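Here are some short exercises to work through with the model open beside you. Try each task before reading its solution.

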Amino acid sequence: MAGFVPPPYPYDRLDDLRAVADGFDGGCVDLSVGAPSDSPPSAVVEALSASGAERGYPASLGSGAYREAAMGWLARRFDIDTSEVAIAGCVGTKEFVASLPHYLKLRDPSRDTVLYPAISYPSYAMGAVLAGCRAIPVPVDAQWRLDLDGVDSSDAARALCLWVNTPGNPAGGLEALAAVAQWGRDHRVPVFSDECYIEYTWGAGRGASILHHGVRGAMAVHSLSKRSNMAGIRAGFYAGDPELAGYLSEVRKHAGMMIPGPAQAAAVAAFNDDAHVDAQRVVYTSRLNRLRALFSAYDPEVALPGGGLYLWVASPDGNGWTLARRVAEELGALVSPGEFYGPAGAGHVRVAAVAPDARLDLLEQRMAP
């Protein structure tokens with residue numbers, strides 16, 4: 001009997017289209033991956049290079065300064081009551097997402113199912129697969145939010161967790177988190193809320209967190225990758241239900257999950273500074289608007305997202321791969337077919353607003369009549 005064969009990594013499947021876009025003068029403008037192109041604050045780089053933390057093993061939980069800075073950020077920016085919140089660091093959040101089902105299955109072998117949005121970041125489903133669990137997508141509504149009425153009762157009874165992502169990747173939806181938190185408690189299913197784009201919630205008001213609705217059975221997951229342009233430093237945290245956080249932090253300690261000491265020092269500097277995030281919000285707002293103007297040639301109804309760094313563009317013929325090829329051939333740009341984010345997204349492409357402004361200038365020149 002054959003063992004597990006890893007599927008192709010989604011973005012590796014774009015190599016042929018990248019070659020097409022590279023044929024343009026100036027080369028490919030990469031709008032496929034949400035990797036920041038802007039610099040982190042200078043204080044982050046200084047802290048990274050002068051921490052003196054290279055020699056010893058860092059605390060798996062994160063240092064006291066790391067956890068205090070993260071808690072301070074939650075309270076200061078989002079008015080979250082952290083008095084009952086437990087917190088622990090993770091090495092960025094992708095590894096946390098991908099390893100979580102395995103650890104939860106060890107905790108409760110009677111359950112074997114991960115619930116996640118039908119249009120979402122691929123690692124929610126892949127984490128279930130890697131743990132030998134069932135990956136069950138939850139339908140989304142017209143606003144790209146979870147339709148929890150679509151969860152079969154038998155799947156809820158077997159669920160190790162429910163993932164929610166708000167603001168959502170790829171479609172930018174904003175979840176009704178009060179209802180999500182209540183559903184989790186009603187069904188005794190822990191809710192893990194991936195809030196890595198929370199600082200880039202557009203429109204009026206602050207970003208929303210699952211922790212605004214209590215900590216019992218809830219865990220917020222945060223990263224500095226997008227907030228502070230620190231994707232290469234790998235620093236994040238999870239915070240919420242003390243019992244669940246305690247279990248995860250202990251098992252992760254045994255697995256050797258530790259944010260490097262210099263990265264923790266850099267993260268403290270980032271969490272304690274809000275000015276660079278406010279400036280970055282202006283940059284991303286501009287880029288989203290510029291890309292919306294460009295991609296309206298393909299989807300006249302393309303809308304700005306409720307949050308996040310992406311446009312979710314409908315393909316005229318209902319096939320995201322067709323549109324991705326057109327964009328490569330006609331604009332010299334690389335975008336991600338919506339199929340990467342689940343079969344329900346197959347009629348769209350995702351456009352990441354992370355390329356430097358000079359690269360967007362180039363796209364506008366190519367699009368000009």
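**Exercise 1: the largest pocket**

The largest pocket holds about 1,000 Å³ of space, the volume filled by probe spheres set on grid points joined across faces, edges and corners. A pocket here is an open set of points on a 1 Å grid over the protein atoms alone, where a 1.4 Å probe fits, with protein on both sides within 12 Å along at least five of seven lines; lining residues have an atom within 4 Å of a point. This is a predicted model: local features need pLDDT of at least 70, side-chain atom pairs count only at pLDDT 80 or more, and totals for chains, interfaces and linings use all residues. Residues are numbered from 1 along each chain as its sequence is written, and side-chain values use heavy atoms, with hydrogens and water left out.

Task: find which helix gives the most to the lining of the largest pocket.

Solution. Start with the 45 lining residues; Tyr 9, Lys 94, Tyr 121, Pro 122 and Ser 123 lie nearest the centre. Next, sort by element: α4, β3, α5 and α8 each supply at least two residues. The top contributor is α5, with seven residues.

**Exercise 2: cysteines**

Task: explain why Cys 161 has no bond to the closest cysteine sulfur.

Solution. First, search the whole structure for disulfides (cysteine sulfur pairs within 2.5 Å): there are zero. Then check the distance: the sulfur of Cys 133 is the closest to that of Cys 161, but at 8.6 Å it is too far for a bond. Finally, Cys 161 is buried (under 20% relative accessible area, 1.4 Å probe, protein chains only), at 0%.

Key. Buried means under 20% relative accessible area, exposed over 50%, partly exposed in between (1.4 Å probe, protein chains only). Helices (H or I, at least four residues) and strands (E, at least two) are DSSP runs, numbered from the N terminus.
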